[in-house]
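Student: Could you take me closely through the second largest pocket of this model, and then set that pocket beside the enclosed space and the aromatic pairs found elsewhere in the chain?

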Amino acid sequence: MTRMALARDDRSLLAEWWWTVSRQLLAAVLALLMVGFVLSLAASPAVAVRKGFDPYHFVERHAVFVLIGAAVLLAISMLRPIEVKRLSLVLAGFGAAGLLAVLLVGPEINGAQRWLVFGGQQLQPSEIFKPAFVVLVASLLSQPGVRKIAALALAGGLLAASVLLLALEPDIGQALLLVIVWMGLFFLSGRPLKWMAGLLAIAAVLAAVAYLGFGHVASRVDRFLHPASGDTYQMDRARESFVAGGWLGRGPGEGTIKSSLPDAHTDFIFAVVAEEYGVIACLLLVGLFGFIVWRAMAHTWSEPSPFVRLAVSGLALLLAAQALINMGVNVGLLPAKGMTLPFISYGGSSMLGTSIALGFMLALTRRRVDPERQGGVPRPARRVMPRVEPAREGIRRT
């Protein structure tokens with residue numbers, strides 16, 4: 001059996017990708033994808049039976065999502081930075097159109113309009129919009145010179161429009177996530193700290209508006225601060241699962257929380273992991289997320305392109321913030337948000353959106369020596385001064 005080898009002097013797209021992609025980051029991302037599928041075997045069957053489906057209904061669908069997600073992720077990872085920008089613009093337009101469409105024709109599910117239905121399949125446009133939003137904001141905030149102010153105004157307008165559309169659905173959790181990432185990019189772009197203080201004040205006002213203007217937000221916050229004020233069954237059961245599982249867990253298939261929580265395979269899958277596999281498994285999962293974020297951020301330390309630095313940082317922040325919010329809800333440190341755990345929770349839209357985000361991350365962290373590595377502008381040639389031999393003193397020999 002012969003083994004295919006990719007030579008370093010091979011100029012094909014696949015060979016160029018293989019020799020330039022961050023293999024540690026790629027391995028960690030694919031490992032997270034596979035871990036999510038394995039954990040779906042633990043959480044999904046009980047939920048499927050309770051809903052009247054075949055026990056492996058959600059597992060089989062999750063397997064299809066994994067295959068699609070892996071294909072999307074690898075395809076996007078082969079793009080150049082300028083192509084990442086172009087694709088993000090297309091996806092942002094598609095996502096924005098979808099956010100408008102859900103308000104007009106989207107079905108209302110649990111009091112919210114967040115999905116579009118195509119041939120019986122649901123799509124959540126906000127998941128597709130998020131990674132494109134991050135790349136576009138990074139591109140705007142990395143603009144140099146006199147274009148800085150205009151680009152900042154466009155980035156602020158993009159955030160305002162996005163938050164408004166998400167609030168109308170309503171999807172306050174996703175709106176909060178975009179605000180966190182935008183403010184992180186604003187800080188990393190080197191703007192004055194006094195501007196950051198003003199943005200924090202605006203964010204506090206928006207949080208108060210969300211609490212006063214949306215009943216479900218107020219209810220969740222009140223139940224979090226004062227558990228006796230309402231139903232906290234899911235939150236209580238999720239916390240109990242960490243105690244029941246202990247350090248090593250009850251064992252695969254031995255958990256009980258998945259039989260009682262309606263969202264055990266989505267929002268509360270981290271609690272299922274804790275009960276069946278234990279706290280150590282949860283810490284390993286946290287470590288895997290942390291490794292991906294660390295490897296991505298480590299790339300930015302030596303990256304010369306401002307756009308690539310900001311885009312990679314924003315994508316890492318998007319992944320970290322969403323994972324931390326989901327885990328924080330599961331352990332009782334945050335009020336319920338209805339946010340999935342990337343690559344782990346069941347959901348086709350979430351899988352697709354995360355695959356796009358990490359595909360962008362892999363594409364932008366590839367090693368490059370071409371002009372686009374420097375943001376699309378070739379560096380000026382370095383002047384080489386002619387070497388002048390020092391004058392020799394003394395008498396020349398004859």
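Tutor: In the lining of the second largest pocket, the largest share comes from α7, which gives 7 residues. This is a predicted model, and the pocket described here has a volume of about 640 Å³. Its lining counts 25 residues, and those nearest the centre are Ile 172, Leu 176, Leu 206, Ala 207 and Ala 210. Two or more lining residues are given by each of the elements α6 (147-168), α7 (172-188), α8 (193-213) and α9 (215-225). Sorted by class, the lining of this pocket holds 19 nonpolar residues, together with 2 polar and 4 charged ones.

The enclosed space can be described along the lines used for the pocket. The count of cavities of 30 Å³ or more comes to 1, and the largest cavity has a volume of about 80 Å³. Its lining is made up of Glu 127, Lys 130, Leu 318, Leu 319, Gln 322, Pro 342, Gly 353, Thr 354 and Ala 357. The elements that supply two or more of these residues are α5 (125-141), α12 and α13. By class, the lining of the largest cavity divides into 4 nonpolar, 3 polar and 2 charged residues.

Next come the aromatic rings, for which a search of the whole structure finds 9 pairs. One of them joins Phe 58 and Tyr 346, whose ring centres are 4.9 Å apart and whose planes stand at 70°; because an angle over 60 degrees counts as edge-to-face, the pair is given that name. This pair links distant parts of the chain, since Phe 58 belongs to helix α3 (residues 57-77) while Tyr 346 sits in the loop between α12 (306-330) and α13 (348-364), with their positions 288 residues apart. Phe 58 has a relative accessible area of 6% and is therefore buried, the cut-off being under 20%. Tyr 346, at 12% relative accessibility, counts as buried by that cut-off too. Both residues also take part in one aromatic cluster, which is formed by Phe 53, Phe 58, Phe 65 and Tyr 346.

A second pair is made by Phe 291 and Trp 294, with ring centres 6.1 Å apart and planes at 45°; this angle is neither under 30 degrees nor over 60, so the pair is classed as tilted. Phe 291 and Trp 294 both lie in helix α11 (residues 269-300), and because they are 3 residues apart there, about one helical turn separates them. Phe 291 has a relative accessible area of 30%, which makes it partly exposed, and Trp 294, at 44% relative accessibility, also counts as partly exposed.

As a setting for these parts, the protein contains 13 helices and 2 strands, and buried residues make up 47% of its 398 residues. Among the contacts with a separation of 6 or more, 71% are between residues 24 or more positions apart. The surface that the protein exposes comes to about 20,500 Å², of which carbon and sulfur atoms supply 66%.

Methods:
Residues are numbered from 1 along each chain as its sequence is written. This is a predicted model: local features need pLDDT of at least 70, side-chain atom pairs count only at pLDDT 80 or more; totals for chains, interfaces and linings use all residues. Side-chain values use heavy atoms; hydrogens and water are left out. Helices (H or I, at least four residues) and strands (E, at least two) are DSSP runs, numbered from the N terminus. Buried means under 20% relative accessible area, exposed over 50%, partly exposed in between (1.4 Å probe, protein chains only). Contact means heavy atoms within 4.5 Å. Accessible areas come from the Shrake-Rupley method with a 1.4 Å probe; for residues, only the protein chains shown count as cover. On a 1 Å grid over the protein atoms alone, a cavity is a set of points where a 1.4 Å probe fits but cannot get out, and a pocket is an open set with protein on both sides within 12 Å along at least five of seven lines; lining residues have an atom within 4 Å of a point. Grid points are joined across faces, edges and corners, and a volume is the space filled by probe spheres set on the points. Ala, Val, Leu, Ile, Met, Phe, Trp, Tyr, Cys and Pro count as nonpolar, Asp, Glu, Lys and Arg as charged, and the others, Gly among them, as polar. Rings of Phe, Tyr and Trp (its six-membered ring) pair if their centres lie within 6.5 Å; planes under 30 degrees apart count as stacked, over 60 as edge-to-face and the rest as tilted.
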